[in-house]
Amino acid sequence: MQKYPGFFSSIISSNGYRNIDSVLVVMHVNVEVQNFLTALAGVTRIAGVIPKASSKKFANLDSLKNNYPLFDIDRSEILASPDQFINNIDRLIKNERFAIIDMGGYFSHVALDLTKIFDKQFIGIVEDTENGHQKYDALINRRRPSDNLAPVISVARSSLKEPEDSLVGQAIVFSAEAIMRTLGLVLLGKRVGVIGFGKIGRSIAFSLLSRGSRVDVFDSNPILLASALSLGFHTSPRSEFLGSADIIFCATGNKSLSLTDGDLFKNGLHIFCATSSDDELSTCLRYKIDADSESVRAHTCKIHLKNKHVFIHNKGNSVNFVHGAVVDNFIELVQGEIIYSIGSLHDAPKNTISHLPELDKRFISEKWISYHQHT
């Protein structure tokens, strides 16, 4: 058996990848991807790596380009020219049978077209994030009966992702606190709000609480709000929530703030995001940041809204990437599930989102624990 880096050698059986010639990968290009890409390249050709916008400004793209084909495109370009995007995919896959590793639903806008154009060449998609999961779910719900979608396996809601989500939330608060300190400010004594009480939002809220912050939570899902209240967090109607916060953490991946919310903001509000700006902030707010912001310090800009100003950090992108977004070896649990899922696409159903069975997840976690107990 081929030697794969780290614990990956214990979960990869090359037989499962015989019908996949190449793979396109959307990913955060941070410090924890090299072993993953090496393991992936051991089972199939990497036809292209699409770096996520929120991480690539902190990455060494030249180093990545020396080892793998770099396909540097953002979501707005895909939306503006889907036919050109598909032509580029055709050029990269070279008539091979291919799969896609997606992060944030980059391919959801063209997935039905890919299934129609490439037919049996297109083996399927593995999606990594909750935001992307929701995009594929929406696509499936609105597709016509005559439309077919290649198999989609999601790891977004996997139990193996929980350690990563928890550490990401902690990393976001670490970076936010570090940035605030460069401005001569601390979190203590501030009214802090968290929009979104999913896995990452929950981790952010608890990390803030451990630092002694007063934490208010808002979520459009009343079940999650009830959960937040039961855990000792505060909540209020959205307008009151936005108007009372000194600092807001956005963790929905679903356009949590818009320019019209500016009427409610406190003067001097600080905004930190847990995902890409194009997922978390409205188009009008992002345009305001790009076209009419004033740089204050590294990773901090200021926008003016009528008679007030608001601080936006890392241009509204994932703030944890300012400090490397490190979650250590726990990232391998998700990376292992992604590679394992690629080998399972040939058995996955079309026109729905499926998941790895719990027995497979147990197998991956047992191998991960065994490897790291002996290294």
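In the predicted model, Arg297 stands opposite Thr300 of strand S11. This pair belongs to the contact between S10 and S11 (residues 300-305), which run antiparallel to each other and are joined over four bridges. Both strands are part of an open sheet of seven strands, arranged in the order S7-S6-S8-S9-S12-S11-S10 with mixed pairing. The edges of the sheet are occupied by S7 and S10 (293-297); each has a single partner strand, so one side of each is left without a neighbour in the sheet. On average, neighbouring strands are turned by 25° against each other, direction ignored.

At the edge formed by S7, the pairing is of the parallel kind: S6 (residues 191-195) and S7 are connected over five bridges. Within this pair, Val194 is placed opposite Val217 of S7. The chain passes from S6 to S7 by way of helix H9 (residues 199-210), and the resulting β-α-β crossover is right-handed. Although S7 is an edge strand of the sheet, four of its five residues (214-218) are buried, so the strand is largely enclosed by the rest of the structure.

A nonpolar patch of about 230 Å² is present on the surface, made by Phe206, Leu209 and Leu231. Of these residues, Leu231 is located in the loop that links helix H10 (222-230) to helix H11 (238-244). Leu231 is partly exposed, its relative accessible area being 35%.

Two residues other than glycine adopt positive phi values, namely Asn95, at about 65°, and Lys315, at about 55°. Asn95 is situated in the loop between helix H5 (82-93) and strand S3 (98-102). With a relative accessibility of 65%, Asn95 counts as exposed, because the cut-off for this class is over 50%. Lys315 lies in the loop between strand S12 (308-313) and helix H14 (331-342); S12 is itself a member of the seven-stranded sheet, placed between S9 and S11. The relative accessibility of Lys315 is 37%, and this residue is therefore classed as partly exposed.

A contact between distant parts of the sequence was also examined. Ala53 and Ser318 are separated by 265 residues in sequence, while their C-alpha atoms are 9.6 Å apart in space. Ala53 is found in helix H2 (residues 53-56) and is partly exposed, with a relative accessible area of 33%.

Notes
Residues are numbered from 1 along each chain as its sequence is written. This is a predicted model: local features need pLDDT of at least 70, side-chain atom pairs count only at pLDDT 80 or more; totals for chains, interfaces and linings use all residues. Side-chain values use heavy atoms; hydrogens and water are left out. Patches are made of residues with over 30% relative accessible area and no salt bridge: like charges are joined within 9 Å, nonpolar side chains (Val, Leu, Ile, Met, Phe, Trp, Tyr) within 5 Å. Accessible areas come from the Shrake-Rupley method with a 1.4 Å probe; for residues, only the protein chains shown count as cover. A salt bridge is a side-chain nitrogen of Lys or Arg within 4 Å of a carboxyl oxygen of Asp or Glu. Helices (H or I, at least four residues) and strands (E, at least two) are DSSP runs, numbered from the N terminus. Buried means under 20% relative accessible area, exposed over 50%, partly exposed in between (1.4 Å probe, protein chains only). Two strands pair if DSSP finds at least two bridges between them. A crossover is right-handed if, with the strands pointing away from the viewer, the path from the first strand over the helix to the second runs clockwise. Axes are lines fitted to C-alpha atoms, for helices over the stretch in contact, and angles run from 0 to 180 degrees between N-to-C directions.
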